[in-house]
Each structure stands twice: as structure tokens, then as C-alpha cells.
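Me: I have a structure to go through with you, and a few questions about it. Shall we take a look together?

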Amino acid sequence: MQIRPISSLVKVFPDETGDLPIFAGDTAARNETYSFQVALRAENEAERDGRIRVAVSGGLNVEIRSVESVPSLHPAGNTDSDYLRTAPGLYPDLLADLEAHDRFNLLPDQWRVLWCTVRVGGAAPGKYPVTLEFTQMADWDKSRSVSRDAA
């Protein structure tokens, strides 16, 4: 499984090819809401189903949602060079709750994206790692994780 932490400003299309820009970390102020994304792609049929578990140190509140793609038949009228795409297709847009609060499905050769919202609250200044651990449903012994610092 490919796992890429990325900025909340990046739109990831399911059929995206090539490397996604990896986002190494960021800063959030006290009482701020900070968001980032994690893009995942199954590399084979055996990785189709995944379960996510979120472990957070420092008591920060983290909400994980799935970025769902919606069909767009006419995504753009008069266009310019700033449009990401202009052709009809699936566009990432809807933030949906995860099934059973911790499950999402991967599809081979398609990017799936999780939207992570961190509510910093009144936490004291410092580094607060946010760790997402991905475990396949069929094999609980094999897991991959990605860690992000929200300071």
C-alpha cells in the first residue's frame, strides 16, 4: 500500500498518476483547527480493504473523514490555465464519515484520501505527533503507519 501525507490544499483525483507532493509537517496555533490529508493507494487486490486507527498524544482532538469523489458532467465553462481539470469525470469534494468510524475501502490503482482535522484547543506550545495506523482487515498483524506533527 502506498501512503502519502499531503497538504490540505492539494486535490487528489482517483486516477492521478505520478508522485504526490509529500507534506512533512506544519504549525498550528492555540485554539486553531488544522487539517491535512493522507492519500492511500492499494497496489494489489489483497490490499482492497483497510481499517484505520488513530492514536494521538497530548490529548488533541482528531477527526478522520473520507474524501469522496463526485461525478461532474460540466466542471468548467470558460476556462483558463488555473483549472486543474476541465473534462467531465470524478472530482474529490465530499467529506464523508468513515464506515463504523474506522473503516474505509481501497481500490487497486486508485488514490483514496482521508481528511484529518486536528482541533488544537488550548494545548501548550510543543510538538504533538498525530499517528495514523492502517491495518488490513484480513491480516491484523500487518500494519503501516504514517505520523504527522501538528505543533
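Me: Which residues does Gln2 touch, not counting those up to four places away in sequence?
Reply: Happy to help! Contact here means heavy atoms within 4.5 Å. Leaving out residues up to four places away in sequence, the partners of Gln2 are Ala39, Leu40, Arg41, Glu43 and Trp111.

Me: Before we go on, what kind of model is this?
Reply: Residues are numbered from 1 along each chain as its sequence is written, and side-chain values use heavy atoms, with hydrogens and water left out. Local features need pLDDT of at least 70, side-chain atom pairs count only at pLDDT 80 or more, and totals for chains, interfaces and linings use all residues, as this is a predicted model.

Me: Is Gln2 buried or exposed?
Reply: Buried means under 20% relative accessible area, exposed over 50%, and partly exposed in between, with a 1.4 Å probe and protein chains only. Gln2 sits in strand β1, residues 2-7; strands are DSSP runs of E with at least two residues, numbered from the N terminus. Because its relative accessibility is 17%, Gln2 counts as buried.

Me: And Asn31, buried or exposed?
Reply: Asn31 belongs to the loop between β1 and β2. Its phi is near 65°, a positive value in a residue other than glycine. With 60% relative accessibility, Asn31 counts as exposed.

Me: Which element gives the largest share of the largest nonpolar core?
Reply: A nonpolar core is a set of buried Ala, Val, Leu, Ile, Met, Phe, Trp, Tyr and Cys residues joined through side-chain atoms within 4.5 Å. The largest one has 23 residues, and Phe36, Val38, Leu40, Leu132 and Phe134 touch the most other members. Two or more residues come from each of β2 (33-41), β4 (61-72), β7 (111-119) and β8 (129-136). The largest share, 4 residues, is from β2.

Me: How many residues apart in sequence are the parts tied together by the pair of Phe13 and Tyr91?
Reply: Rings of Phe, Tyr and Trp (its six-membered ring) pair if their centres lie within 6.5 Å; planes under 30 degrees apart count as stacked, over 60 as edge-to-face and the rest as tilted. Phe13 and Tyr91 are edge-to-face, at 5.3 Å centre to centre and 80° between the planes, and both residues are buried. Phe13 lies in the loop between β1 and β2 and Tyr91 in strand β5 (residues 89-97), so the pair links parts whose separation in sequence is 78 residues.
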